[in-house]
Each structure stands twice: as C-alpha cells, then as structure tokens.
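Visitor: I am new to this structure and would be grateful for an introduction to reading it. Could we proceed feature by feature?

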Amino acid sequence: MIDFDKVVDRENTSCVKYDLRQKIFDRPDVIPMWVADMDFPTPDFIRKAVLQRAENPIYGYSFRPESYVDSIQNWLLRRHGWSTESDWFVFSPGIVPAVNFAILSLTNPGDGVIIQPPVYFPFFNAVNDHGRKLLTNQLVLKNNQYQIDFDDFERKAKQARLFIFSSPHNPVGRVWQPDELQKLGEICVRNNVIILSDEIHNDLILPGNRHTVMASVSSEIARITLTCIAPSKTFNIAGLATSSVIISNPDLRKKYASFIDSIHLTGGNIFGSVASIAGYSHGDSWVDALMVYIEENLSILSHALDNSIIKVIKPEATYMAWLDFRASGLSDDEIKHKLIFEAGLGLSHGPTFGEGGEGFQRINLATTSGIVKVAAARLKEIF
Ligand SMILES: Cc1ncc(COP(=O)(O)O)c(C=O)c1O
C-alpha cells in the first residue's frame, strides 16, 4: 500500500517549490502548485538504494555500471514497447541541458528551430539564447483538446533544421497518437528536419491512455530522432540530475556525443545512477499507483470547478492540468494577482508558456488530495 496522502515537510530543504515562494510569488505562504516536482516522497526502493550507497563514505569519481543502461532498456521495452541498443545512450544531467546541447551540436546560428506553443518555456530560451531562428507551430484548441496544425507545421519545416517536440506535451497534457506522430515525423523526414523528442513525461500517463515513443513509429523517423528521457519526473528525483538522450543514428550520435565529450560532461552523479537503476528496476507498480492517485486529484479538481468560470483542459498525461480562465474576462495580471493574494495559490502563469498561454494557468496536482481539495475550493470561491 503506497501512502500518497502522507504530508512531508519540504520547507527549509533548499527546495525550489516551497523555499522560493517569497521570491516568485511575493508571498511566502501560497500553496505551491507550480514547478513540476511532486510532494510525494521518493519511493522506498530508491531511498534505500541511495542510503545503502551513502553508507560507504567515499563519494569519489565513479562510472555508471552496465546495469544502469540495462535497467533503462528493460523499462523502455516493458513499459513502452521500445527496443533499444545500449550504445544509443548518451548521458545528460538534465533534459533542458540536452535540448541546449542538441541546438549547439546539431544546428548553426540562424537555423530555424520549431516549437509548439503554448509549451514548456525553456524551449524558447534554448532557441533564442543561441541565436537560432524561432519558428512556432501554434497548437490549436478544438473541443477542449489541443491539436496540431499540420499544414502550418509543414510550412515551418521547410525553413527548419530542428524540431523540439514535447511528448507528452507540457503544459497541455496531450498524449500524441501514433497517426499524429507519423504525420509529424514524415514531414520532418521529407524536409530534413532533426527531431528532439522530449519524452520526460513519458511514464506519467493517465489511466486509459498510451504513450508512443516517436522513434518507434518507423525506421525513417528513428533515423532523424533524439529521444530524451529521465527518471526525474517519474520518481521525483530531479535533484539527482540524471537523464538520457537516446540516438540510434550513429552520425547524429557522434555529433551530439562529441560535443558532450568536448565539455567533459560525462561523469554524472553517483546517487543519480543508483536511484535511476532502482527506479527503473522496481518502479512499475509505484508509477501505476501514482497515476491512479493523480487521476483522483484531477477528478476532485474537475468536479469542484464544474459550472464555474474556470475550465479544466483534461490532461491525458503529466501530473499537471491546464486551466482556462478566459471566461473570467480578467487580464493575466489580474488573474495572477487574485490567485496569489486572494486564493493564496501559486500556479504557473500561462503567458510564460508563450503565445496561446494568455488567459491560462497550469496547476500541479502531484500533492495530497487534501491540498487539492483546499485549492479547488479556493479557486471556486475566488473566481
Ligand atoms: C517538457 C519538459 N522538459 C524538460 C523538463 C525539465 O528537464 P530537466 O529538469 O531534466 O532539465 C521539464 C520539467 O518540467 C519539462 O516539463
């Protein structure tokens, strides 16, 4: 029995979500439902493995043992039906660094890079900060579900070298279907566009949905795709900075990996690799139970907001929900102010996700149901 209702005090642990509230929200006591980590304790099988390694008091230079990649490969096959080879794996401390490394190693200044707003905001910075040309393929909200404008995507692909894809998508929560992946992939193949498929949320699939790995759709698509995955979101271990970029095409892998080697970014963190092995080896039932709990939190929120001015865009994956406040008629600043200073809630501000984020807020539901009930009641009361 996994106790997701247990409240863990995270204050004064240098934790971004709680200890940066004053700085981010100008108020130290908002209920923090913003940055994407969970209020649930890291599962016992990971904690035990890390504690056991910590018992040996020397934390010197180390390498990742064979079981590190083996455990990821087995997980990917078991959970996602994707068969990989061990030499496809390149280490990265995080996925945002990997996105930046891909831009630096696989594109040139001025090259076009496509992203699909409203989308995880570091994608914008990664393109702009390195002097690449930002090409946006705006997602379209139809019947309460976000969809891809493929004609526009093809137009953008003609001017692009790289496509940074969020799959499942943060913040709109879509699990992209095989036919959608195939269409995107084929357009990229036709136009010689490399795909960086950021699949960091791939394990956080809500019951009734199924994630498809972009690189598993066809061999042509695999040849142009870098897949980014991590145990960080899945098992709540983002602080251990351990992720993978999986590249089957040897030429692309060589370019990417040479860049990583040139900046000596191969070592990693002992506890990250221990935690990753434990998570991917023993985490199946924990993640399944987690997503049932998130689904319950989502339904608490949705029921509370039924017939209110706030519309919940139902996610198919991730532990976040994208909330539509547009019917309130309020400006983004007014929404933000009411949330923080009247409702006492710290959400992620829609406009930071780019065009299409206006009038929206993202709420993190990876917390106890008790907290979700309080937050939902406050939202209903204040709006
Ligand atoms: C789509 C997406 N990519 C990457 C990240 C974070 O990556 P990392 O912390 O590994 O750099 C997040 C975190 O919220 C995310 O939502």
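Guide: Certainly. Please note at the outset that this is a predicted model. We may begin with a helix: on the side of α8 away from its buried residues, Asp179 and Arg190 are exposed.

Visitor: Which residues of α8 are buried?

Guide: They are Leu181, Leu184, Gly185, Ile187 and Cys188. Viewed along the axis of α8, these buried residues fall within an arc of 160°, so they line one face of the helix.

Visitor: Why do residues three or four places apart in an α-helix point the same way?

Guide: An α-helix has 3.6 residues a turn, so residues at such a spacing point the same way.

Visitor: What covers the buried residues of α8?

Guide: The cover includes α7 (150-157), β7 (160-166), β8 (194-198) and α9 (219-223).

Visitor: How does the length of α8 compare with what its residue count suggests?

Guide: Helix α8 covers residues 178-191, and its 14 residues should span 20 Å at 1.5 Å a residue. The C-alpha atoms at its ends are 20 Å apart, which agrees. Just beyond α8, Asn192 adopts a positive phi of about 60°.

Visitor: May we apply the same reading to another helix? Which residues are buried in α15?

Guide: In α15 the buried residues are Val372, Ala375, Ala376 and Leu379. Around the axis they cover an arc of only 100°, which puts them on the same side of α15. The face turned away from that buried side carries the exposed residues Gly370 and Glu381. As for packing, the buried residues of α15 lie against β1 (31-32), α13 and β13 (345-346). Helix α15 comprises residues 369-382, 14 residues in number, and reaches 20 Å from first C-alpha to last, close to the 20 Å expected at 1.5 Å a residue.

Visitor: Let us turn to strands. In what order do the four strands of the open sheet lie?

Guide: One reads a sheet by following its strands from neighbour to neighbour. Here the order is β11-β12-β15-β14, and the pairing is antiparallel. The edge strands are β11 (311-313) and β14 (348-349), each of which pairs on one side only.

Visitor: How many bridges join β11 and β12?

Guide: Three bridges join β11 to β12 (residues 320-324), in the antiparallel sense. For an individual pair, take Lys311, whose bridge partner in β12 is Asp324.

Visitor: And at the level of the whole chain, into which domains is it divided?

Guide: Domain 1 consists of 16-43 + 284-382, and domain 2 of 59-281. Their centres, taken over C-alpha atoms, are separated by 25 Å. The contact takes 30 residues from domain 1 and 30 residues from domain 2.

Visitor: Which elements give two or more residues to the side of domain 1 that touches domain 2?

Guide: They are α13 (284-305), β12 and β15 (360-364). Of these, α13 gives the most, with five residues. By class, this side of domain 1 has 17 nonpolar, seven polar and six charged residues.

Visitor: Finally, how should one read a single residue? Where is His282 placed?

Guide: One may ask for its element, its surroundings and its distance from another residue. His282 belongs to helix α12 (residues 270-282). It has 17 other C-beta atoms within 10 Å, so it is partly exposed; a buried residue would have 20 or more, and an exposed one 12 or fewer. From Gly173, His282 is 109 residues away in sequence and 26 Å away in space, C-alpha to C-alpha.

Methods:
Residues numbered from 1 in each chain as written. Predicted model: local features only at pLDDT ≥ 70, side-chain atom pairs only at ≥ 80, totals over all residues. Expected span 1.5 Å × (residues − 1). Arc of directions from axis to C-beta. Contact = placed C-beta atoms within 7 Å. Pairing = 2+ DSSP bridges. Domains from an automatic or database assignment. Nonpolar A, V, L, I, M, F, W, Y, C, P; charged D, E, K, R; others polar.
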